[in-house]
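Thanks for coming. I will put the model up and then go through it piece by piece.

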Amino acid sequence: MKRFLDNKDNVGEEMWQLMAELYPICRSITGAGVRDTLKKIGEIIPLKIAEVPTGTKVFDWIIPREWNIKDAYIKNSRGETILDFNDSNLHVLNYSVPVNKIVSLEELRPHLYTIPEHPDWIPYHTSYYDEKWGFCLSHKQFVALEDDDYAVFIDSSLKDGHLNFGECIIRGETQEEILISCHICHPSLCNDNLSGLVLSTFLAKHLKQIPLRFTYRFLFIPATIGSITWLSLNESNISLIQHGLVAVNLGDSGKFTYKKSRKGNTEIDQAVMNVLKNSVVDSQIIDFFPYGYDERQYCSPGFDLPVGCLMRTPHGRYPEYHTSADNLEFVKPQYLAESFSIYSSVLYVLENNGTYVSCNQKCEPQLGKRGVYQQIAGHSDSQTRQLAMFWVLNLSDGDHTLLDISNRSGLDFSLIKDTADMLVKCDLLTEPVK
Ligand code: ZN
């Protein structure tokens, strides 16, 4: 498969480097962490940062108060620090209300979160819409806690402010859009979610350098509330979206997983399945289900957009998910690079798909007199090219796209596309209707 963006060396390393820079930032669905992250991305690609005030109604939801945090710790009665937010921002329940008091171990326990099966890992927990305070810690730390009085301190604030998200538009020939959406609300977690964020950033960066048919809209949004907000603010332009993907979990070593759009048989579904089938990577296709990431909102019945989710291992299917083990060692440059290639192949298919019409609908044209055989004779795979030619001529009846022909013939999309281009030059096919 031709990958029109992957002639770039080191893209996996570059993505990983950006991930390493973003990793320490304490993100949440609102607050300074989101703004710092968007600012960093805005240094690489053109990014418009939107702000929507607390209290704004977006469909059935209300933009929440903004959460910010400066510091947090637990100290024992001897003044020794047992847990420090500066060691890991996962240590604080994300969106925790502030607290500053002395509690007994018994009082402290209900506010502590651990993973007994993985005693060295810190879990990631949130409490966005339920006012609680809490700490996350390794189970080892937890069992070592003595019967004591503990100073618990969380210097966080929940105040009226804004929800921020970033939008990057790369203009193509047409106004018709391809949407790539990623969430930006997780703190120090790599596969879910920094991998989707860096992949989107580098796709945008490279797409900007080449001529495009479609206009691309990249959304960097807090999960759930972000897509709901964006859909609520942009309802009148939604019909421009022709194809979309939610980008997440793209840096682990697992096989690729494509979760289909709600409709299940749209061009994006066909394109992704075609690319995965014709690639050397392992993959699985799963049907749409109404939980997971922001595809839930894009595929809600009132929108029902052609948006799928293209990832490696799905959420919750790897033990490191939502723990401190989803870190910079867990995500590797080579897997990020492979994900970049697969995304780029999918975009190549969408950019180049079209319906051609054979000029000879009644019986095969006489190819010899048109110099067609000379065109393919020099290639080592001339037999496959000849086969591709017969498939393209036969199925170019006005009802089949190049993607249909690739799927039906089992031949690689880029071979089908090259063959169609050659046949147009030989006056055997008309220019495509895209
Ligand atoms: Zn998550």
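Let me start with F218, which touches G166, E167, C168, I170, I180, S200, L203, A204 and L207, leaving aside residues up to four places away in sequence. Contact here means heavy atoms within 4.5 Å.

Apart from the core that holds F218 lies another one, of 50 residues, with V52, V92, V152 and L219 among them. The core with F218 in it is the largest nonpolar core, at 81 residues, and the residues with the most contacts inside it are Y216, F218, F220, L245, L310 and V346. This core draws at least three residues from each of domain 1 (11-64 + 162-352) and domain 3 (355-425). A nonpolar core is a set of buried Ala, Val, Leu, Ile, Met, Phe, Trp, Tyr and Cys residues joined through side-chain atoms within 4.5 Å. Buried means under 20% relative accessible area, exposed over 50%, and partly exposed in between, with a 1.4 Å probe and protein chains only. As background, nonpolar side chains tend to be buried together in soluble globular proteins.

A word on what you are looking at. This is a predicted model, in which local features need pLDDT of at least 70 and side-chain atom pairs count only at pLDDT 80 or more, while totals for chains, interfaces and linings use all residues. Residues are numbered from 1 along each chain as its sequence is written, and side-chain values use heavy atoms, with hydrogens and water left out.

Now the overall picture. Of the 434 residues of the protein, 56% count as buried. The C-alpha atoms fill a box of roughly 95 × 45 × 35 Å along the principal axes. There are 13 helices and 16 strands; these are DSSP runs, H or I of at least four residues for helices and E of at least two for strands, numbered from the N terminus. Among contacts between residues at least 6 apart in sequence, 81% join residues at least 24 apart.

The domain assignment gives domain 1 (11-64 + 162-352), domain 2 (67-159) and domain 3 (355-425), with bounds that come from an automatic or database assignment. The centres of domain 1 and domain 3, taken over C-alpha atoms, are separated by 35 Å. Eight residues of domain 1 are in contact with 10 residues of domain 3.

Next, the metal. Which residues are the protein donors of the zinc ion? They are H186 (NE2), D192 (OD) and H322 (NE2), lying 2.0 to 2.1 Å from the ion. Donors are N, O and S atoms within 2.8 Å of the metal (3.2 Å for Na, K and Ca), and since water is not among the atoms, sites may look incomplete. The donor spacing in sequence is H-x5-D-x129-H. H186 is buried at 7% relative accessible area, and D192 is buried too, at 0%.

On to helix α13, residues 413-425. Its 13 residues should span 18 Å at 1.5 Å a residue, and the end C-alpha atoms are 19 Å apart, which agrees; the expected span is 1.5 Å times one less than the number of residues. Is α13 enclosed or open? It is largely enclosed by the rest of the structure, because 10 of its 13 residues are buried. Those buried residues are F413, S414, L415, I416, K417, T419, A420, M422, L423 and V424. Their cover includes α7 (267-277), α9 (333-352), α10 (372-377), α11 (382-395) and α12 (402-409). Just after α13, D427 takes a positive phi of about 60°.

Two other residues also have positive phi. Most residues other than glycine have a negative phi. F59, in the loop between β2 (57-58) and β3 (61-62), has a phi near 50° and is partly exposed at 37%. N249 has a positive phi of about 50°, sits in the loop between β13 (241-247) and β14, and is buried at 0%.

Last, the cysteines. How many disulfides does a search of the whole structure find? Zero, where a disulfide is a pair of cysteine sulfur atoms within 2.5 Å. The sulfur of C359 has its closest cysteine sulfur in C426, 11 Å away, so the two are too far apart for a bond. C359 is partly exposed at 43%, whereas C426 is buried at 11%.
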